Amino acid sequence: MTTTPVQRSVNGAEPRRSVGSRRHRRGFWVVAFAFLSVMALATAPSPLYGLYRVRDHFSLFMVTVAFAVYAAGVIVALLLAGHLSDFYGRRRLLLPAVCISIVSAIVFLASKSLPGLLIARFVNGISIGIVASTATAYLAELHAIGRPRATAQRAQLTASAVNVGGLAVGALVAGLLAQWVAHPLTVPYFVFLAA
């Protein structure tokens, strides 16, 4: 006997969704929020580089190096781990990738010099490479199970909006916090750690 995500009530009234599909619809938004938070953390350092330059006394060229180190982390993760969620499962890869992102935020908080900043950027790049590939696929799967009669456009649009929107949110929030709060090199990371 097979089960369907939609069950008819006894009196033929409105169809009732099963618990499983409701759980997958909630999971869809939890994954979307985690994806947004990780992507936001990726761009949080961008508006802070001027402050890092003053604190750590490095050149504009080193800002370019910091971006390159981040990009190297993303590329390494995409090449080596981007496909692993196909074999081991989305959740099994997404949770450690989010933890790697948390580690990068902690390294940002603890770093007091340029090498620490570069390590944090590389670790952050690794988390982004894993999360971007895994969360995009996971959102599509959760949407298909949670709303089996709907088209895939909602999942695709959400994944794209969260990916790009997270990048914008991170820079915007970090920039605003750097402008208006004390400790601008720590508060943004605490905010994204909380998220």
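This report walks through the nonpolar cores, two threonines and a surface patch of one protein model. The model is predicted.

**The main core**

Start inside. The largest nonpolar core has 25 residues. Val31, Phe35, Ile128, Val131 and Leu139 have the most contacts within this core. Several helices build it. At least two core residues come from each of α1 (19-43), α3, α5 (90-110), α6 (114-146) and α7 (153-180). Helix α6 gives the largest share, with 8 residues.

Val131 shows how these contacts spread along the chain. Setting aside neighbours within four places in sequence, Val131 is in contact with Phe35, Val38, Leu94, Ala97, Val98 and Thr136.

There is also a second core, separate from the main one, with 20 residues. Among its members are Ala40, Leu48, Tyr49 and Tyr189.

**Two threonines and a leucine**

Three residues make a useful set to look up. The table gives the helix and the relative accessible area of each.

| Residue | Helix | Relative accessible area | Class |
|---|---|---|---|
| Thr134 | α6 | 0% | buried |
| Thr158 | α7 | 11% | buried |
| Leu79 | α3 (residues 60-81) | 62% | exposed |

Why does Thr134 count as buried? Its relative accessibility is 0%, and buried means under 20%. Thr134 touches Ser85, Arg90, Leu93 and Leu94, leaving out residues up to four places away in sequence. Leu94 is also a contact of Val131. His83 makes another landmark. Thr134 and His83 are 51 residues apart in sequence, yet their C-alpha atoms are 8.0 Å apart in space.

Thr158 sits in helix α7. Thr158 is buried because its relative accessible area, 11%, falls under the 20% cut-off. What does Thr158 touch, not counting residues up to four places away in sequence? The answer is Phe28, Trp29 and Ala32. Thr158 also has a polar partner in Arg154. A polar atom of the Thr158 side chain lies 2.8 Å from the backbone oxygen of Arg154.

**The surface patch**

Now move outside. Leu79 has its place in helix α3. Is Leu79 buried or exposed? Leu79 is exposed, because its relative accessible area is 62% and exposed means over 50%.

Leu79 belongs to a nonpolar patch on the surface. Its partners there are Ile75, Val76 and Leu80. Together the residues of this patch have about 400 Å² of accessible area.

Methods:
Residues are numbered from 1 along each chain as its sequence is written. This is a predicted model: local features need pLDDT of at least 70, side-chain atom pairs count only at pLDDT 80 or more; totals for chains, interfaces and linings use all residues. Side-chain values use heavy atoms; hydrogens and water are left out. Patches are made of residues with over 30% relative accessible area and no salt bridge: like charges are joined within 9 Å, nonpolar side chains (Val, Leu, Ile, Met, Phe, Trp, Tyr) within 5 Å. Accessible areas come from the Shrake-Rupley method with a 1.4 Å probe; for residues, only the protein chains shown count as cover. A salt bridge is a side-chain nitrogen of Lys or Arg within 4 Å of a carboxyl oxygen of Asp or Glu. Helices (H or I, at least four residues) and strands (E, at least two) are DSSP runs, numbered from the N terminus. Buried means under 20% relative accessible area, exposed over 50%, partly exposed in between (1.4 Å probe, protein chains only). A nonpolar core is a set of buried Ala, Val, Leu, Ile, Met, Phe, Trp, Tyr and Cys residues joined through side-chain atoms within 4.5 Å. Contact means heavy atoms within 4.5 Å. A polar contact is a pair of N or O atoms within 3.5 Å; within protein, one must be able to donate a hydrogen and the other to accept it, and residues adjacent in sequence count only if both atoms are side-chain atoms.
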